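Trainee: Could you take me through one part of this model in detail, beginning with a single residue and its helix, and then working outward to the charged pairs and the other buried positions?

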Amino acid sequence: MTVSYLPPSPSALARASWEDIEPFFDELAARQLDSDNITAWLHEWSRLEELVTEAAARAMIAYTIDTSHGDKEADHLRFSTEILPRMEERSVELARKLLATGFSTPDLTTTLARFRTQIGIFREENVPIFAELEEHSARYQRITGSMTAEWEGVERPLPQLQPFLKSPDRAVRERAYRAASAPYIESRGQLAALFDQMYQLRTGAAHNAGFDNFRDYIFPAKFRFDYTPGDCEKFHAAIEQTAAPAVQRVLEHRRQRLELDVLRPWDLAVDPYRRNPLRPFSDASDLVGKAKQVFDRVHPALGREFQTMIDEGLLDLESRKGKAPGGYCETLHFNGRPFIFMNAVGLVDDVMTLLHEAGHAFHAFASHPLPLIWQRHPGSEAAELASMSMEFLASPHLAQPVGYFDAAEARSAWLEHLEDVLLSLVHIASVDAFQTWIYTSGQGGDARARDDAWLRIRQRFERGVDWSGLEQERVARWYRQLHIFMYPFYYIEYGIAQIGALQVWRNSLNNPAKAVARYREALALGATRNLPEIYSAAGARLTFDVGEIAPLVELVENQIERARAELPRS
Ligand SMILES: [Zn+2]
């Protein structure tokens with residue numbers, strides 16, 4: 001069956017408005033479906049969504065690479081606030097049409113369950129609400145993307161202060177920490193007002209869809225079919241019992257090693273074993289070239305896929321003024337290619353971020369052969385399993401001759417990664433507990449109460465750091481967490497996936513080749529299985545249970561002790 005009436009490529013839609021795209025949906029909606037043409041119809045619909053989502057992704061990429069360019073912002077906003085919300089509306093209509101036929105295949109079971117849920121919570125009156133939320137998200141990006149700090153007489157984008165947080169000179173670290181927090185403290189009123197609006201819009205959308213609050217709406221909206229809000233609370237409690245005390249022990253060791261009375265927040269990034277921070281690469285091309293060699297070692301097929309990204313210009317990695325903050329991997333569905341965006345400044349964290357985003361990229365490559373767009377992208381719990389497992393699977397290959405470090409440096413980087421795993425679990429639990437509080441306490445629309453709740457929740461999870469006199473800085477941390485603004489409730493997924501990735505890693509300690517093979521099999525499933533099945537294919541269990549989380553935290557702590565013992569004593 002031909003689909004020749006569709007635009008030839010996403011670039012043909014680069015300047016499109018919704019009016020240009022709508023006739024294609026009209027055509028699909030008008031088609032009379034029967035058992036002979038339904039498969040072809042599904043493929044045409046999927047192809048259309050590939051075209052539009054890739055055009056939207058390209059506009060988003062162009063904008064985040066250069067947030068100061070008005071035309072790029074306008075293109076991105078046209079897609080994110082006009083075209084995509086309307087497309088979703090028409091997709092729900094087509095999904096209804098599909099479900100009405102009773103058509104199903106085993107590889108469509110998860111897709112149909114998602115369609116059913118989407119139809120159930122869809123409300124016409126929420127379309128403009130979500131469009132408005134997209135505009136607020138763009139505003140958040142504009143405010144934070146333009147933040148700079150003056151450092152030694154030069155205006156710098158905030159990510160460029162990161163290296164100074166690793167300085168062996170404590171006064172430099174403190175200055176860098178305060179300089180990086182200051183723009184958020186200054187913008188607190190503006191960001192809080194922005195969040196107030198987002199809170200109202202989200203709560204309103206949840207009510208429109210018949211839910212008591214936005215948390216209850218988000219579970220079906222994010223297709224969280226395999227766990228409940230109660231499981232998330234179990235996770236918080238498990239992290240409080242296992243990772244929080246482990247972090248406290250790790251930080252106590254750090255305090256002694258640095259010979260300090262107390263640890264302040266600017267003492268957490270410095271390497272207590274080295275005079276100077278590791279500089280694993282000199283520039284973006286060095287970062288990329290070494291990564292290619294590392295992925296070759298993990299699996300030759302992954303090395304080839306990464307080479308494709310290099311050859312086709314699918315990486316934008318170095319920090320520059322005007323780039324949006326953070327890092328992401330976006331899928332270009334029509335061409336079956338991923339794109340990686342980062343703000344690298346030369347640190348070990350940048351290497352780990354690239355490994356992480358590359359895990360997402362390998363997922364996109366692995367699932368692209370699945371015929372329909374909806375079969376490829378599982379929820380973030382599985383997506384982050386792909387990325388976080390890659391951090392572990394690639395770690396043994398980071399040492400020279402091909403990688404970033406000599407043997408001793410590699411141990412330092414590994415130690416840093418393991419400590420980050422524990423610290424991040426604690427951070428994840430607090431961010432999820434905070435978002436739960438925001439949307440269920442009834443006080444989430446009160447800026448002051450929000451900041452107080454953040455402080456209370458941080459105290460529950462975060463131990464071993466002296467925050468006295470730094471209340472504003474501590475509050476500023478949540479305003480810096482872009483997920484809370486832009487991707488509400490996107491965070492527990494990192495925790496669920498980290499617990500999965502730790503299991504993949506544990507398997508790899510016994511049999512690395514088998515762990516990589518199972519990892520690749522799980523990625524190739526795309527979204528065609530439920531979460532427990534995808535985790536199980538990767539050799540892990542989807543779990544919130546303290547009894548299963550405790551031994552994983554213990555394994556990390558044991559490996560930290562081992563890595564420490566192998567480091568030079570000086
Ligand atoms: Zn990720």
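Mentor: Let us start with Asp 216, which is partly exposed at a relative accessible area of 26%, where buried means under 20%, exposed means over 50%, and partly exposed lies in between (1.4 Å probe, protein chains only). Before going further, note that this is a predicted model, in which local features need pLDDT of at least 70 and side-chain atom pairs count only at pLDDT 80 or more, while totals for chains, interfaces and linings use all residues. Residues are numbered from 1 along each chain as its sequence is written, and side-chain values use heavy atoms, with hydrogens and water left out.

Asp 216 belongs to helix α8; helices here are DSSP runs (H or I, at least four residues), numbered from the N terminus. The C-alpha atom of Asp 216 lies 8.2 Å from that of Pro 229, a residue 13 places away in sequence. Although Asp 216 itself is partly exposed, helix α8 (residues 214-221) is largely enclosed by the rest of the structure, because 6 of its 8 residues are buried. Those buried residues are Phe 214, Arg 215, Tyr 217, Ile 218, Phe 219 and Pro 220. They pack against α4 (109-121), α5, α7 (188-208), α9 (229-241) and α15 (407-440), contact being heavy atoms within 4.5 Å.

Just beyond this helix, the loop between α8 and α9 holds Arg 224. Arg 224 forms a salt bridge with Glu 493, with the closest N and O atoms 3.1 Å apart; the term means a side-chain nitrogen of Lys or Arg within 4 Å of a carboxyl oxygen of Asp or Glu. This pair joins distant parts of the chain, since Glu 493 is in helix α19 (residues 492-510), 269 residues away from Arg 224. Both partners, Glu 493 and Arg 224, are buried. Elsewhere, salt bridges with shared partners connect Glu 22, Asp 26, Arg 90 and Glu 93 into one network.

Within that network, the side chains of Arg 90 and Glu 93 meet at 2.7 Å, N to O. Both residues lie in helix α3 (residues 70-101), 3 residues apart, which is about one turn of the helix. In general, an α-helix has 3.6 residues a turn, so residues three or four places apart point the same way. Arg 90 counts as buried because its relative accessibility is 11%, whereas Glu 93, at 34%, is partly exposed.

Another pair is Arg 170 with Asp 267, whose side chains also meet in a salt bridge at 2.7 Å, N to O. Here again distant parts of the chain are linked: Arg 170 is in helix α6 (residues 170-186), and Asp 267, 97 residues apart from it, is in the loop between α10 (243-258) and α11 (284-298). Arg 170 is partly exposed, with a relative accessible area of 31%, while Asp 267 is at 0% and therefore counts as buried. Over the whole structure, the search finds 41 salt bridges.

Helix α3 also carries Thr 81, which counts as buried at 10% relative accessibility. Leaving out residues up to four places away in sequence, Thr 81 touches Ala 131, Glu 134 and Glu 135. Its C-alpha atom is 8.3 Å from that of Leu 133, a residue 52 places away along the chain.

A second threonine, Thr 64, sits in helix α2 (residues 38-65) and is buried, at 3% relative accessibility. Apart from neighbours within four places in sequence, Thr 64 is in contact with Gln 141, Gly 322, Lys 323, Ala 324, Tyr 328 and Phe 341.

Helix α17 (residues 471-479) offers another set of buried residues: Glu 473, Arg 474, Val 475, Ala 476, Trp 478 and Tyr 479. Their cover includes α5, α6, α7, α15, α16 (447-461) and α18 (482-486). Of these helices, α5, α7 and α15 are also named among the elements that the buried residues of α8 pack against.

Technical notes. Helix = DSSP H or I, 4+ residues; strand = E, 2+ residues; numbered from the N terminus.
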